[in-house]
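Please read the report below alongside the sequence and the structure. The headings follow the topics in turn, from the strands and helices to the charged pairs and the loops.

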Amino acid sequence: MNTSAEASHNHPHSSEHDHQKCVTEALDTAEHLCVVRGVQLTPIRHQVLELIWDSHKAVKAYELLDRIKPLKNGAKPATIYRALDFLIEQGLIHRVESLNAFVGCSSSGHQHEQLLLICKHCNEVEERPATEVMQALSQELEQAGFVVHSKAIEVRGICVKCAALHDDDQD
């Protein structure tokens, strides 16, 4: 269970956030899960995952391609898309549909639904569990007889960090 100090430390908008720890934990988790599942985290898949985890901002496939070309000269769009498909299939990243971009999954170790908070100023994406919201949504979907294939809610707004910066501009 996360203590409030750990939650603050892990929260991407916290001043105490250790992003390198985020990256290391995400890559370690990915490597472990791939071994357990008997799938390969190839060097290109690893590089794409690492580039996605460079920040908590959503990143587009062609941005990844531009950033990976200096590392892997023959990289083509299909190379990136195959890596992205694999990472999504393994639950290591999420597709942010409204931005047509990708972000690292902070809960890769288990199957889950997603509430993604997308800052319209800095483009950082925060993944939240929102258990009660997802349960209420599941009940509505069940009552409608709707068969769900995947469930994610994307909310666009202004993150705490950008809101504080904006407040500072008003002073």
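## Terms and overall make-up

Two strands are taken to pair if DSSP finds at least two bridges between them. The model discussed here is predicted, and the pairings described below are computed from it.

The protein chain contains 7 helices and 5 strands. Read from the N terminus, its elements follow the order α-α-α-α-α-β-β-β-β-α-β-α. Of the 171 residues in the protein chain, 36% are buried.

## The three-stranded sheet

An open sheet is built from 3 strands in the order β4-β3-β5, with mixed pairing. Because β4 (125-128) and β5 (152-157) each have a single partner strand, they stand at the edges, and one side of each is left without a neighbour in the sheet. From one strand to the next, the twist averages 20°.

Strand β3, which covers residues 114-119, runs antiparallel to β4 and is joined to it by 4 bridges. Within this pair of strands, Leu-117 is placed opposite Glu-126 of β4, while Leu-115 has Arg-128 of β4 as its bridge partner. In general, the side chains of a regular strand alternate between the two faces of the sheet.

## Charged pairs

Side chains of opposite charge can pair when their charged atoms come close. How many salt bridges does the count come to? The count comes to 5 salt bridges, and three of the pairs are described here, beginning with one that involves the strand β4 residues already named.

Arg-128 and Glu-126 meet through their side chains in a salt bridge, with 3.1 Å from N to O. The two partners are not equally accessible in the calculation: Arg-128 is partly exposed, at a relative accessible area of 37%, whereas Glu-126 is buried, at 10%. Glu-126 counts as buried because its value is under the 20% cut-off.

A salt bridge also connects Asp-54 and Arg-67, whose closest N and O atoms are 2.1 Å apart. This pair links distant parts of the chain, since Asp-54 sits in the loop between α3 (43-52) and α4 (61-68) and Arg-67 sits in helix α4, 13 residues apart. Asp-54 is partly exposed, with a relative accessible area of 42%, and Arg-67 is likewise partly exposed, with 34%. Another salt bridge is formed by the side chains of Glu-97 and Arg-95, again with a distance of 3.1 Å from N to O. Here Glu-97 counts as exposed at 52% relative accessibility, while Arg-95 is partly exposed with a relative accessible area of 30%.

## Helices and their packing

Two packed helices are described by the angle between their axes and the distance between the axes. Helix α2, residues 19-37, packs with α3 at an angle of about 150°, and their axes lie 10 Å apart. Are α2 and α3 roughly parallel or roughly antiparallel to each other? Angles over 145 degrees count as roughly antiparallel, and α2 and α3 therefore fall into that class. Their crossing is right-handed.

In helix α4 lies Leu-64, which counts as buried at 0% relative accessibility. Although Leu-64 and Leu-51 are 13 residues apart along the chain, their C-alpha atoms are separated by 7.0 Å. Helix α6 offers a check on helix length: at 1.5 Å a residue, its 14 residues (131-144) should span 20 Å, and the end C-alpha atoms are 20 Å apart, which agrees. After α6 comes Gly-145, which has a positive phi near 70°.

## Positive phi in the loops

Two asparagines also take positive phi values. Asn-123 is found in the loop between β3 and β4, and in this hairpin, which has 5 residues between the strands, its phi is positive and near 65°. Asn-123 has this positive phi although it is not a glycine, and at 34% relative accessibility it counts as partly exposed.

Asn-100 lies in the loop between β1 (93-96) and β2 (101-104). The phi of Asn-100 is near 50°, a positive value in a residue other than glycine. Asn-100 is partly exposed, with a relative accessible area of 42%.

Note on methods
Residues are numbered from 1 along each chain as its sequence is written. This is a predicted model: local features need pLDDT of at least 70, side-chain atom pairs count only at pLDDT 80 or more; totals for chains, interfaces and linings use all residues. Side-chain values use heavy atoms; hydrogens and water are left out. Axes are lines fitted to C-alpha atoms, for helices over the stretch in contact, and angles run from 0 to 180 degrees between N-to-C directions. A salt bridge is a side-chain nitrogen of Lys or Arg within 4 Å of a carboxyl oxygen of Asp or Glu. Buried means under 20% relative accessible area, exposed over 50%, partly exposed in between (1.4 Å probe, protein chains only). The expected span of a helix is 1.5 Å times one less than its number of residues. Angles under 35 degrees count as roughly parallel, over 145 as roughly antiparallel, 65 to 115 as roughly perpendicular and the rest as oblique. A crossing is left-handed if the near helix is turned anticlockwise from the far one by less than a right angle, and right-handed if clockwise.
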